[in-house]
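Okay, thanks for making time, everyone. I'd like to walk through one structure today, so let me put it up on the screen.

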Amino acid sequence: VAPIGSYSHSSKSILSYSKAPTVYKVRKGDTLYSISWRYNWDYKTLAKINNIRPPYHIYIGQKLYFKSSKIKWTRTTSSKKEIKYSKKKSSKKKRVKKTVATTSFSNQSLTWRWPTKGKVVSTYSKRATGRNGIDIAGRTGQKVVAAASGKVVYSGNGLPRYGNLLIIKHNDVYLSAYAYNKKLLVKDGQRVKSGQVIALMGRTGSTQRDKLHFEIRRHGKPIDPMRFLPKR
């Protein structure tokens, strides 16, 4: 049995991604963000296909489709008066959304910091399987902090090969993830500040090495965290 906050894996299969199914049935502990992360998808794309609006609530047993052709869109008939009112209302919403997008899509307001102390023992690689982020060596129980301010959108251990995992949404573009934790100190839906302690470092099952696996994703796709973290 692997220690708390760890898991067993082969070096070749570590953090590899399964092909997205045609239909996914929501399980206990799932969030739209964790499901998207599992299949290397952008959560906004998955939400759009399934007609799910912010704040992206889903429920156990709900079927999520990964192909838009599987969704049956329905329209309700209404009188001319109601149509005019509806158009007026939606145009206001569009203006509001545009204002929010202008501020939240920018990466200029994000100041990234290292999520923990230690030596980088594995770097990001676009081509190598499973190297979607970096691994930082440390010791069990070592503090793990939020790399930037944001909102926790997943806190749990339901994703294979990630152990105890946290996913933080920083804005509409960027997400960060913290895996292999011994203990999670923040909950789903909680807002966190940059530098706030969010977890305690754990250990991987096969290598028996204390470390943090850290990822940054842009529009659902893994990118090199070293491009954003300050030099040290």
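I'll go through a strand, a pocket, a cavity, some aromatic rings and a few backbone details. Just keep in mind that this is a predicted model.

Let's start with strand β6, residues 150-156. Is β6 mostly covered or mostly open? Mostly covered: 5 of its 7 residues are buried. β6 has 5 bridges to strand β7, residues 164-169, and those two run antiparallel. If you want a spot to click on, glycine 156 has leucine 165 in β7 as its bridge partner. Then there are 2 bridges from β6 to strand β9, residues 191-192, again antiparallel. Over there, lysine 151 stands opposite arginine 191 of β9.

Hang on to lysine 151, as we meet that residue again in the second largest pocket. That pocket has a volume of about 470 Å³ and a lining of 21 residues. Nearest the centre you'll find Tyr33, Pro55, Lys151, Val153 and Lys169. Which elements give two or more residues to this lining? They are α1, residues 32-38, and β6. β6 gives the most, with 4 residues. For anyone thinking about chemistry, the lining splits into 8 nonpolar, 7 polar and 6 charged residues.

Now, cavities. The search of the whole structure turns up 1 cavity of 30 Å³ or more, and its volume is about 30 Å³. Its lining is Tyr33, Ser36, Trp37, Trp41, Leu175, Arg217 and Gly220. Here α1 gives the most, with 3 residues. By class, that's 4 nonpolar, 2 polar and 1 charged. So Tyr33 turns up again: this residue is in the cavity lining and also among those nearest the centre of the second largest pocket.

That takes me to the rings. Over the whole structure there are 10 aromatic pairs. One of them is tyrosine 33 with tyrosine 56, edge-to-face, at 6.2 Å centre to centre with 85° between the planes. What does this pair tie together? Tyrosine 33 is in helix α1, while tyrosine 56 is in the loop between α2 (43-49) and β2 (63-65), so the contact links parts that are 23 residues apart in sequence. Why do both rings count as buried? The cut-off is under 20% relative accessible area; tyrosine 33 counts because it has 8%, and tyrosine 56 because it has 15%.

Elsewhere, Tyr24, Tyr39, Trp41 and Phe66 make up one aromatic cluster. There are charges over rings too: arginine 232 lies over the face of tryptophan 114, at 3.6 Å from the ring centre, and lysine 44 lies over the face of tyrosine 43, at 4.8 Å.

Last stop, the backbone. Proline 54 and proline 55 are joined by a cis peptide bond, with omega about 5°. Proline 55 is in the loop between α2 and β2, and so is tyrosine 56. Tyrosine 56 has a positive phi of about 60°, although it isn't a glycine. Where else might you look for a positive phi of about 70°? At arginine 161, also not a glycine. Arginine 161 is in the loop between β6 and β7, and is partly exposed, with a relative accessible area of 25%.

Okay, that's my tour.

Technical notes
Residues numbered from 1 in each chain as written. Predicted model: local features only at pLDDT ≥ 70, side-chain atom pairs only at ≥ 80, totals over all residues. Heavy atoms only, no water. Buried < 20%, exposed > 50% of the residue type's maximum accessible area, 1.4 Å probe, protein only. Pairing = 2+ DSSP bridges. 1 Å grid on protein atoms, 1.4 Å probe; cavity = no way out; pocket = protein on both sides within 12 Å on 5 of 7 lines; lining within 4 Å. Points joined across faces, edges and corners; volume = space filled by probe spheres on them. Nonpolar A, V, L, I, M, F, W, Y, C, P; charged D, E, K, R; others polar. Phe/Tyr/Trp six-rings, centres within 6.5 Å; stacked < 30°, edge-to-face > 60°. Lys NZ or Arg CZ within 6 Å of the ring centre and 35° of its normal.
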